[in-house]
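Here is a short tour of how two helices pack and how some aromatic rings group together. Have the structure open as you read along.

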Amino acid sequence: MASDDEKKFIDLINQHQGLIHKICFMYEHDPEVRNDLFQEIVLQLWRSFPSFRGEAKITTWMYRIALNTAISGFRKQTRLPRTETMQEVHMNISDAWTGDDREEDFQKLQWAIRQLSEIERAMIMMALEEIPYDEIAETIGITQNNVRVRMNRIREKLRKFMLP
């Protein structure tokens, strides 16, 4: 029979699994590797769960562990050559971006985000989730001013990537 902590943890994962899936999707293109990353994040969350003191929001704590897992440890364990088709890499960049085709625009945005550094991807993902800058700063471990500066630079990079 499951302990109270196990039940709390399972409820936590069920309630916030979308957060974990978003991070996995942001950092891994391959579905099999993405599933492995999801499992590794859940394992790291379970290992860290007893030390969660409630000083930060639960989602901030989850983001921190999930992002650290995606960025550092997991990537080192699975250092395999990554392959993408030329179509995925090119994403019809030469075509004028009309904004009419939502699916194409979404694919271009995904491609553009994949061009960012791992930390930049984490920051833009949290910003797209409308996480306040103070929480982004706490999660990443930088000041709010640094978050503002970096977000402006990230937005500029994305604009350049999205231009025809």
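Let's begin with the helix contact in this predicted model. On the H1 side, Asp 5, Glu 6, Phe 9, Ile 13, Gln 17, Ile 20, His 21, Ile 23, Cys 24, Phe 25 and Tyr 27 meet Arg 34, Leu 37, Phe 38, Ile 41, Val 42, Leu 45 and Trp 46 of H2. Sorted by class, this contact of H1 with H2 comprises 13 nonpolar, two polar and three charged residues.

Now for the geometry. Two packed helices are described by the angle between their axes and the distance between the axes. Helix H1 spans residues 4-27 and helix H2 residues 31-48; their axes come within 9 Å and cross at roughly 140 degrees. H1 and H2 are therefore oblique to each other, and their crossing is right-handed.

Next, the aromatic rings. Searching the whole structure gives six aromatic pairs, including these two:

| Pair | Centre to centre | Angle between planes | Class |
|---|---|---|---|
| Phe 49 and Trp 61 | 6.3 Å | 55 degrees | tilted |
| Phe 52 and Trp 61 | 5.0 Å | 45 degrees | tilted |

The pair of Phe 49 and Trp 61 links distant parts of the chain: Phe 49 sits in the loop between H2 and helix H3 (58-77), while Trp 61 belongs to helix H3, 12 residues apart.

How buried or exposed are these rings' residues? Both Phe 49 and Trp 61 are buried, Trp 61 with a relative accessible area of 9%. Phe 52 has 25% relative accessibility, so this residue counts as partly exposed.

Finally, ring pairs join Phe 9, Trp 46, Phe 49, Phe 52 and Trp 61 into a cluster. Two of these residues, Phe 9 in H1 and Trp 46 in H2, also appear in the helix contact.

Technical notes. Residues are numbered from 1 along each chain as its sequence is written. This is a predicted model: local features need pLDDT of at least 70, side-chain atom pairs count only at pLDDT 80 or more; totals for chains, interfaces and linings use all residues. Side-chain values use heavy atoms; hydrogens and water are left out. Axes are lines fitted to C-alpha atoms, for helices over the stretch in contact, and angles run from 0 to 180 degrees between N-to-C directions. Helices (H or I, at least four residues) and strands (E, at least two) are DSSP runs, numbered from the N terminus. Angles under 35 degrees count as roughly parallel, over 145 as roughly antiparallel, 65 to 115 as roughly perpendicular and the rest as oblique. A crossing is left-handed if the near helix is turned anticlockwise from the far one by less than a right angle, and right-handed if clockwise. Contact means heavy atoms within 4.5 Å. Ala, Val, Leu, Ile, Met, Phe, Trp, Tyr, Cys and Pro count as nonpolar, Asp, Glu, Lys and Arg as charged, and the others, Gly among them, as polar. Rings of Phe, Tyr and Trp (its six-membered ring) pair if their centres lie within 6.5 Å; planes under 30 degrees apart count as stacked, over 60 as edge-to-face and the rest as tilted. Buried means under 20% relative accessible area, exposed over 50%, partly exposed in between (1.4 Å probe, protein chains only).
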